[in-house]
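User: I have a structure open beside its sequence, and I would like to learn how to read its features one at a time. Could you take me through it, giving the general idea before the particular case?

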Amino acid sequence: MNNKAKYAKAKFSDVFKYSFGGLGSNLAFILVMSYLTFFYTDIFGIDTMVVSGLMLVSRFIDAFTDPLMGMLGDHTRSKFGRFRPWIIFGAPVLGFLIFLLFTAPNLSPDMKVVYAYVVYIAYSLASTVVNIPYHSLTPVMSQDPDQRTVIVSWKQGMGTVSQFIITIMALPLVEAFGGGKQGWAVYGALIGILTTVSFWVCAWGGKPYDKCEETAQGGKQSFNMLKDLQLLIKNKPMLMLMIAFGTDVLANATYSAVNMYYFKYVLHREDLVPMVASAILFAGIVSIPLLPFLTKWLGKKKLYWLGSCFSIIPLAVTLFIREPSVMILMTTMAVFGFISKIPSNLGWAMLPECSDYAEWKFGRRADGLMSSSLTFINKFGMAIGGFIASFFLGLVGFVANQEQPEAVLNMIVFLRFGMPILGYIASLISMAFYEITNEKYNEIRKDLDERAASQTK
């Protein structure tokens with residue numbers, strides 16, 4: 001373990017400031033995942049099938065823009081660094097678009113659809129511009145594998161603050177701000193401001209580490225899209241991580257998209273939304289500080305697999321009890337919150353390993369491209385989850401703000417608990433083919449260190 005002594009590490013104060021990116025990133029992500037479908041159908045008055053189409057269209061655009069943003073970040077050279085300028089100047093644009101996303105102007109039915117498409121796609125592009133550089137900074141800030149896990153834990157820890165602000169405080173604050181369209185607009189503005197400031201603090205923390213260095217040959221790397229993409233396409237661990245992480249996100253996005261419908265139409269207990277969200281949140285908080293210790297004990301691959309596997313159990317219990325008691329629901333969701341937080345956090349901690357694998361295998365790093373790939377699959381899973389929820393609710397005849405027929409109620413329950421189970425099963429299969437074990441990574445790291453040592457001689 002002597003090699004660890006020479007790994008460049010980040011100062012704790014900088015890690016703390018950088019972790020505010022987790023606050024900004026998750027504020028928008030959780031808000032959109034948890035409430036946008038409900039906002040569009042029950043507040044703005046858009047048909048569920050239109051919402052599902054919007055989610056799909058935006059992801060086709062992301063399929064091109066996310067990898068492009070990753071490569072742009074890798075090849076950016078400025079006085080602010082490679083990744084920070086995108087965060088600094090993109091954050092206020094993203095914040096403003098979050099406000100517009102939850103603003104419901106008085107428009108004709110057709111213009112409502114146009115407004116939703118324009119604003120959501122613009123929001124998605126702004127999110128790409130800011131979030132991919134933010135995630136790309138993790139391997140830049142520290143070369144130490146253990147500290148990278150700690151950095152991710154801090155990022156995700158800040159994400160739990162976002163979860164509190166969104167899942168627990170959203171509905172009470174919307175009501176406090178006047179309810180309905182006005183309440184959602186004011187709340188959207190608040191989240192937009194918090195998002196902007198959080199990303200600025202994050203960029204401040206990354207300042208000492210985001211440097212524009214010359215290549216080993218003494219010149220700048222040329223921009224070659226096809227050559228860069230090969231670092232991803234031929235990177236088997238990264239592809240397996242993308243599938244596993246994406247299906248986990250899909251699982252969470254599907255149940256989040258129908259969560260409000262479940263409490264409103266199945267249980268007729270919207271007042272339980274903050275209570276259950278609190279159980280999930282605080283159980284998840286408990287698991288975050290355990291992450292560095294569990295990864296050292298079990299290894300990231302095995303821990304990810306176990307986390308996905310055991311996340312299925314509380315979902316299965318609740319699936320077969322359509323209208324559980326408050327105690328059963330709180331208990332199963334707390335258990336789910338604790339377990340499911342592990343794979344959702346580990347994906348980002350495993351990302352730098354895949355970047356190291358690319359450097360080891362192909363002689364080149366692509367931190368921005370790797371981050372963009374996981375960010376894209378994150379958004380793709382979120383959108384597919386939202387699409388599945390909207391599409392299948394529309395398919396069985398859901399109509400907002402009225403009593404629902406039995407077919408709709410059964411579909412809501414299945415989407416809330418059954419569909420996530422299928423997502424986690426797919427994740428288990430994919431992670432079985434992820435080849436970077438602790439032993440393999442030690443081999444990769446040793447080889448990279450030896451190469452670096454030989455180049456300095």
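Analyst: Gladly, and please keep in mind throughout that this is a predicted model. We can begin at the end of a helix, where the backbone may take an unusual angle: just after α2, Gly45 has a positive phi of about 80 degrees.

User: Which residues other than glycine take a positive phi, and where do they lie?

Analyst: His268 is one of them, with a phi near 55 degrees although it is not a glycine, and its place is in the loop between α10 and α11 (272-287). At 46% relative accessibility, His268 falls between the 20% and 50% cut-offs, so it counts as partly exposed. Asn401, likewise not a glycine, has a positive phi of about 60 degrees and sits in the loop between α15 and α16 (406-431).

User: Going back to α2, where is the kink in this helix centred, and is the helix enclosed or open?

Analyst: A kink shows as a change in direction between the axes fitted on either side of a residue. In helix α2 (residues 20-43), the kink is about 50 degrees and is centred on Tyr35. As for its surroundings, 22 of the 24 residues of α2 are buried, so the helix is largely enclosed by the rest of the structure.

User: What does Tyr35 touch?

Analyst: Leaving out residues up to four places away in sequence, Tyr35 touches Phe102, Ile166, Thr167, Ala170, Leu171, Trp184, Met260 and Val273. Tyr35 also matters for reading the core, and there the general idea is that in soluble globular proteins nonpolar side chains tend to be buried together. Here the largest nonpolar core has 132 residues, and Tyr35, Tyr40 and Tyr120 touch the most other members. The largest share of this core, 19 residues, comes from helix α10 (residues 236-266).

User: How should I read two helices that pack against each other, for example α2 and α15?

Analyst: Look at the separation of the axes, then at the angle, and then at the residues in between. The axes of α2 and helix α15 (residues 367-395) come within 10 Å and cross at roughly 10 degrees, and since angles under 35 degrees count as roughly parallel, the two helices are roughly parallel to each other. Phe29, Val32, Met33 and Thr37 of α2 make the contact with Asn378, Met382 and Ser390 of α15. By class, these are four nonpolar, three polar and no charged residues.

User: At what angle do α6 and α11 pack?

Analyst: Helix α6 (residues 145-168) and α11 pack at about 175 degrees, with their axes 9 Å apart, which makes α6 roughly antiparallel to α11. From α6 the contact uses Thr160, Gln163, Phe164, Thr167 and Ile168, and from α11 it uses residues including Val273, Pro274, Ala277 and Ser278. The residues of this contact divide into nine nonpolar, four polar and no charged.

User: Ser127 and Ser373 are polar; are they buried or exposed, and what do they touch?

Analyst: Burial is read from the relative accessible area, with under 20% counting as buried. Ser127, in helix α5 (residues 109-141), is buried at 8%, and beyond its neighbours up to four places away in sequence it touches Leu94, Ile132 and Lys379. Ser373, in helix α15, is buried at 3%, and leaving aside neighbours within four places in sequence it is in contact with Leu232, Met238 and Met242.

Notes:
Residues numbered from 1 in each chain as written. Predicted model: local features only at pLDDT ≥ 70, side-chain atom pairs only at ≥ 80, totals over all residues. Heavy atoms only, no water. Core = buried A, V, L, I, M, F, W, Y, C linked by side-chain atoms within 4.5 Å. Buried < 20%, exposed > 50% of the residue type's maximum accessible area, 1.4 Å probe, protein only. Helix = DSSP H or I, 4+ residues; strand = E, 2+ residues; numbered from the N terminus. Contact = heavy atoms within 4.5 Å. Bend = angle between axes of the 7 residues up to and from the residue. Axes fitted to C-alpha atoms, helices over the stretch in contact; angles between N-to-C directions. Parallel < 35°, antiparallel > 145°, perpendicular 65-115°, else oblique. Nonpolar A, V, L, I, M, F, W, Y, C, P; charged D, E, K, R; others polar.
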